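Biologist: I would like to learn how to read backbone and ring features in a model like the one shown here. Could you take me through them step by step?

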Amino acid sequence: MVFQPFEKMPWGYTGIFELENGGGLFGTPYFLTELFNLTGPGTAREFKSRAAKAIWDLKGIYATSRHIPGVRFAGVTHPGLIGTAPSPELLATWNKREQELIDAHPNAVPAVALPPEPKGAYVGQELEDSVREKIYKEGARTIPGREHGGNCDIKNLSRGSRCYFPVFVKGANLSVGDLHFSQGDVSEIYFKLLVYLDVDA
């Protein structure tokens, strides 16, 4: 696969988060707090956050930022998410396994797992309402990696690499998302330049 920035949207962004509450990671992000002048519990101001973001302009393989002058670097484009579709049986296994974790650690912060959640769910296809509702109730969240691949954030999974995924349904239904122009050695080394990328399979 080849990943490259959309010609009409040659830009991306990075986030700088606070250690406490992720600068609003579990509430309202800092830039929204500032944009809408929000105050109160759950907002970045509650934690006196200095979280910020930088916009990066992309030209070829290089990125520069008006917010961080004098810096120019070559990116290694790759997907943060890539995997095949689970079978109904495998999806049921995930939901059971992760609900058991949630039940065993109900007050964990951050949560040890996230159950299916209709709010903000995006299916991306024209489907009958009954099918859409089923997906909302049973669909797996994309934060953890699982048996099918999923959220891997491997910067070396880029042009010229080869990766094998198990197939659980006819046709595999390979999907990609959370596309990065660049990233540190792992996602937790939090330099990820998130962009709109065009995928040529």
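Modeller: Let us start with the vocabulary: helices (H or I, at least four residues) and strands (E, at least two) are DSSP runs, numbered from the N terminus. This is a predicted model, in which local features need pLDDT of at least 70 and side-chain atom pairs count only at pLDDT 80 or more, while totals for chains, interfaces and linings use all residues. Residues are numbered from 1 along each chain as its sequence is written, and side-chain values use heavy atoms, with hydrogens and water left out.

Biologist: Which residue in the loop between strand S8 (149–151) and strand S9 (175–183) has a phi near 50°?

Modeller: As a general idea, most residues other than glycine have a negative phi, and most peptide bonds are trans. Asp153, placed in that loop between S8 and S9, has a positive phi near 50° without being a glycine. Asn173 lies in the loop between S8 and S9 as well, and its phi is also positive, at about 55°.

Biologist: Are Asp153 and Asn173 buried or exposed?

Modeller: Buried means under 20% relative accessible area, exposed over 50%, and partly exposed in between (1.4 Å probe, protein chains only). Asp153, at 10%, therefore counts as buried, whereas Asn173, at 47%, counts as partly exposed.

Biologist: Where is the cis peptide bond?

Modeller: The bond from Val109 to Pro110 is cis, with omega near -5°, and Pro110 sits in the loop between helix H2 (88–104) and helix H3 (129–138).

Biologist: How many aromatic pairs are there?

Modeller: Rings of Phe, Tyr and Trp (its six-membered ring) pair if their centres lie within 6.5 Å; planes under 30 degrees apart count as stacked, over 60 as edge-to-face and the rest as tilted. The count comes to two. Trp56 and Phe73 pair edge-to-face, at 5.2 Å centre to centre and 75° between the planes; because Trp56 lies in strand S3 and Phe73 in strand S5, this pair ties together parts that are 17 residues apart in sequence. Phe73 and Phe181 are likewise edge-to-face, at 6.4 Å and 65°, and they link strand S5 with strand S9, 108 residues apart. Trp56, Phe73 and Phe181 form one aromatic cluster. Trp56 is buried at 2% relative accessibility, as are Phe73 at 18% and Phe181 at 2%.

Biologist: Which charge sits over the ring of Trp94?

Modeller: A charge sits over a ring if NZ of Lys or CZ of Arg is within 6 Å of the ring centre and within 35 degrees of the ring normal. The charged end of Arg146 is placed over Trp94, 4.9 Å from the ring centre, and Arg72 lies over the face of Tyr62, at 3.7 Å.
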